[in-house]
Amino acid sequence: MKNPFETLIIPGGILLLGFLSALLLPAPQFGVTLAKQLQENLHLQDVNQLYTIVFCLWFLILGAIEFFVIRFAWRLWSKA
């Protein structure tokens with residue numbers, strides 16, 4: 001039977017693992033010219049907005065990958 005709190009645990013786990021990734025893994029950094037070009041193409045106010053978006057996406061993606069890897073391992077070994 002599925003846990004009724006699984007719909008709350010999954011997003012919470014993704015956010016927690018994304019936060020832990022922020023402490024462990026470096027986010028991508030762009031050169032000055034690439035950052036300015038992305039800023040102009042995405043119609044952003046300044047480079048800080050670009051890095052805020054990049055950091056949020058980077059850590060959420062890493063958190064989701066970590067969550068699904070840990071969940072896969074947990075389900076694989078807990079059935080034994």
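**Exercise 1. State the accessible surface of the chain and the share that belongs to carbon and sulfur atoms.**

Solution. The accessible surface of this predicted model is about 6,500 Å², by the Shrake-Rupley method with a 1.4 Å probe, where for residues only the protein chains shown count as cover. Carbon and sulfur atoms hold 72% of that surface. As for burial, 22% of the 80 residues count as buried (buried is under 20% relative accessible area, exposed over 50%, partly exposed in between; 1.4 Å probe, protein chains only).

Residues are numbered from 1 along each chain as its sequence is written, and side-chain values use heavy atoms, leaving out hydrogens and water. Local features need pLDDT of at least 70 and side-chain atom pairs count only at pLDDT 80 or more, while totals for chains, interfaces and linings use all residues.

**Exercise 2. Find where confidence is lowest and where it is highest in the chain.**

Solution. Start from the mean pLDDT (the predictor's confidence in each residue, from 0 to 100), which is 84 for the chain. Of the residues, 96% reach 70 or more. Confidence is lowest in helix 1 (residues 6-24), with a mean of 78, and highest in helix 2 (residues 32-41), with 94.

**Exercise 3. Describe the fold pattern and decide why the chain is more spread out than a compact globule.**

Solution. First, count elements: the chain has three helices and zero strands (DSSP runs numbered from the N terminus, helices being H or I of at least four residues and strands E of at least two). Along the sequence the pattern is α-α-α. Next, the radius of gyration, taken over C-alpha atoms, is 17 Å, well over the 12 Å of the globule rule for 80 residues, so the chain is more spread out than a compact globule. That rule is 2.2 Å times the number of residues to the power 0.38. Finally, the C-alpha atoms fill a box of roughly 55 × 25 × 20 Å along the principal axes.

**Exercise 4. Place I10 and list which residues it touches, not counting those up to four places away in sequence.**

Solution. I10 sits in helix 1 and is partly exposed, at a relative accessible area of 23%. Contact means heavy atoms within 4.5 Å; on that basis I10 touches F67 and R71. I10 and A64 are 54 residues apart in sequence, with 9.2 Å from C-alpha to C-alpha. For the chain, residues 24 or more positions apart supply 66% of the contacts with a separation of 6 or more.

**Exercise 5. Is H43 buried or exposed?**

Solution. H43 lies in the loop between helix 2 and helix 3 (47-78). Its relative accessibility is 70%, so H43 counts as exposed. H43 also has a positive phi of about 55°, although H43 is not a glycine.
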